[in-house]
Amino acid sequence: MKRIILISCIAILYTVSCFAQKKDGFVSLFNGKDLANWTLNKEGGFEVVDGELITKSSGNGFDIYTTKWYGNYIFRFEFLLSERGNSGVFIRCTPADQYPSAGVEIQLLAPWTPWRDDLHCTGSMYGHVAVTNRPDETTGIWHKMEIKCDRSIITISVDDKVATMANVDTVKTLADMPFFGAVGFQGSHTNKPNQFAKFRNISIRDFDAEPDYVLKGFYDENEKRRVLAMEAAVNLGATMIQPLTRLISDDNPVAKSCARQALFDIVAKASDSQTSEKGKKEVAAALKKSIKNASVDTAKDHLKWLSGMIKN
């Protein structure tokens, strides 16, 4: 009887855990067993030991990146540095063999060197934006870091306290920073034996998978970010047809134009010969429902025209 109760409790806890993860939008990126979801630049830079992702002294270029790319998100993880641990986090980057071409780095650095200032310490956007609230940098213990990329606003928190916040539109050295790319960890490059950085509990909440967030991007003043919002809408597919239909009747001409283009791209993608029948039917059903609910004739006519693309 006790065994049955124990199994039931475990099942309930598992269900609750899965529901919590789905509810808060975070998805685990590290299973504690292997490097699934990640790509190594060079072999030997990272390994999985006892459920932790570890990088030891190996030199520049031994970095690891997510196989999926992201634009707007919250990236969370825990890290532990050795006495002279030296690593970092790349955000919105294009993977490359050598830093700095890999992208913007959020620094992770043990407090061992006297010349390490607020522009190059843990939590800083290395060489671009200094920390305004210096975090605890004690080595040998686990710390939490959260990096939030919300269009032009980057917020970095350590142990639940904001260390750095920046509007990339106002930082000259970040003028060419991309708004979409991989997330990565920098390989340890202390160049001293037995130094390392460890990571665990790595997860991400992808804002571009959330329809309401994506729609707000259609009003962004920055053209590149509007394009990314449109691409995110297309990736979401049928679920975006009704919200976009409402948007094509909006007073904002830019948002309206973007919505019309996104709708066209969703339908064009659905009509492609490579798209599954299930995907086509979902888009066709969403169009039919939106035509029925559309309150503006111009919107209704546009949807009818788009609907014809799938039929053909």
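Reader: Which residue of strand 10 stands opposite Met-145?
Author: This is a predicted model, in which local features need pLDDT of at least 70, side-chain atom pairs count only at pLDDT 80 or more, and totals for chains, interfaces and linings use all residues. Residues are numbered from 1 along each chain as its sequence is written, and side-chain values use heavy atoms, with hydrogens and water left out. Strand 9 (residues 143–150) and strand 10 run antiparallel and are joined by six bridges; strands are DSSP runs (E, at least two residues), numbered from the N terminus, and two of them pair if DSSP finds at least two bridges between them. Opposite Met-145, in strand 10, stands Val-158.

Reader: Which residue in the turn between strand 9 and strand 10 has a positive phi?
Author: The two strands form a hairpin, with two residues between them. The residue in that turn with a positive phi, of about 55°, is Arg-151.

Reader: Which residue of strand 11 stands opposite Thr-155?
Author: Strand 10 also pairs with strand 11, in the antiparallel sense and over six bridges. These two strands form a hairpin with two residues between them, and Asp-159 in the turn has a positive phi of about 55°. The residue of strand 11 opposite Thr-155 is Met-165.

Reader: How many residues of strand 10 are buried?
Author: Buried means under 20% relative accessible area, exposed over 50%, and partly exposed in between (1.4 Å probe, protein chains only). Strand 10 covers residues 153–158 and is largely enclosed by the rest of the structure, because the number of its residues that are buried is five of the six.

Reader: Is Gly-181 buried or exposed?
Author: Gly-181 lies in the loop between strand 11 (161–167) and strand 12. Gly-181 touches Trp-69, Tyr-70, Arg-92 and Cys-93, not counting residues up to four places away in sequence; contact means heavy atoms within 4.5 Å. Its relative accessibility is 0%, so Gly-181 counts as buried.

Reader: Which strands stand at the edges of the open sheet?
Author: The sheet has five strands in the order 2-5-12-7-8, with antiparallel pairing. A strand at the edge has a single partner strand, so one side of it is left without a neighbour in the sheet. The two in that position are strand 2 (38–40) and strand 8 (104–109).

Reader: What is the bridge partner of Phe-90 in strand 12?
Author: Strand 7 (residues 86–93) and strand 12 (residues 182–185) run antiparallel and are joined by three bridges. The partner of Phe-90 in strand 12 is Gly-184.

Reader: Which strand gives the largest share of the largest nonpolar core?
Author: A nonpolar core is a set of buried Ala, Val, Leu, Ile, Met, Phe, Trp, Tyr and Cys residues joined through side-chain atoms within 4.5 Å. The largest one has 41 residues, and those with the most contacts inside it are Phe-75, Phe-77, Val-89 and Phe-185. The largest share, five residues, comes from strand 6 (residues 73–81).

Reader: At what angle do the axes of helix 5 and helix 6 cross?
Author: Helices are DSSP runs (H or I, at least four residues). Ile-266, Val-267, Ala-270 and Ser-271 of helix 5 meet Lys-280, Val-283 and Leu-287 of helix 6. Axes are lines fitted to C-alpha atoms, for helices over the stretch in contact, with angles from 0 to 180 degrees between N-to-C directions. The axes of helix 5 (residues 253–271) and helix 6 (residues 277–293) come within 9 Å and cross at roughly 140°.
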